[in-house]
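Q: Please take a close look at the strand pairing in this model, and describe it in connected prose, with the cut-offs behind each term.

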Amino acid sequence: MAFKIGDRVIHPRHGLGQVTKLAVKQFVKGEKRPFYEISFPGSTLWVPLTLSTSGIRKLTVKSEIEKCRQLLCAPAESLNTDPRLRQSELNDHLKEGTLTAHCEVVRDLTAQGWQKPLSGAMTTFLRQTLDVLCQEWAAVEGKSIEEASSEIEALLEKGKQINDNE
């Protein structure tokens, strides 16, 4: 996927960033390649132009947010009971690089946490994934991160109430 300088992008772990530069860099001895410089709050990431598996993508379109609202209220999918496999499956799902995947991971982990407390690693993973979701949601909707977070939490709670009544 080609980006232009100034494009706002999403990284599955770093969140909302902006393409600030295109430059030829040498990070490996004897190998110069073109990279995007992507600035995130507090960090910079250099992504090779040829690396399509980096997870970096343009912001989703606003019409996808309505689909995500429905997903966050929908019944959660059950997760693998093996902690290592569960982590691997959730990471693989996020690598799809969609807002929908972030919503599903947040919904499913949140629901699991309601049934049984999450481990420290899973709690951190959920918090990071929710953070990225809130950043993109806020950017697409033109809201603050706090407003996006409140809306997402309300949708998750609505989903819990719907599922508890079924």
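A: Two strands pair if DSSP finds at least two bridges between them, and the strands themselves are DSSP runs (E, at least two residues), as helices are (H or I, at least four), each numbered from the N terminus. The model is predicted, so local features need pLDDT of at least 70 and side-chain atom pairs pLDDT 80 or more, whereas totals for chains, interfaces and linings use all residues. Residues are numbered from 1 along each chain as its sequence is written, and side-chain values use heavy atoms, without hydrogens or water.

With those terms in place, the sheet can be described as an open one of 5 strands, arranged in the order β4-β3-β2-β1-β5 with antiparallel pairing. Its edges are formed by β4 and β5, each of which pairs on one side only.

Within that order, strand β1, covering residues 8-11, is joined to β2 by 4 bridges, and the two strands run antiparallel. One position along this pairing is R8, whose bridge partner in β2 is Q18, and the connection from β1 to β2 is a hairpin that passes through 3 residues.

On the other side of the comparison, β2 (residues 15-28) pairs with β3 (residues 31-40), again in the antiparallel sense, over 8 bridges. Here L22 stands opposite Y36 of β3, while K25 has R33 of β3 as its bridge partner. The hairpin of β2 and β3 leaves 2 residues between the strands, and in this hairpin G30 adopts a positive phi near 80 degrees.

Moving on to the edge strands, the loop between β4 (43-48) and β5 (57-58) holds L49. At a relative accessibility of 32%, L49 counts as partly exposed, a class that lies between buried (under 20% relative accessible area) and exposed (over 50%), with a 1.4 Å probe and protein chains only. By that scheme, buried residues make up 41% of the 166 residues in the protein.

To place the sheet in its wider setting, the protein has 5 helices and 5 strands, which follow one another along the sequence as β-β-β-β-β-α-α-α-α-α. Among the helices is α4, residues 120-141, whose 22 residues reach 31 Å from the first C-alpha to the last, close to the 32 Å expected, where the expected span is 1.5 Å times one less than the number of residues. Just after α4 comes G142, with a positive phi of about 70 degrees. Along its principal axes, the C-alpha trace of the protein spans about 60 × 35 × 25 Å.
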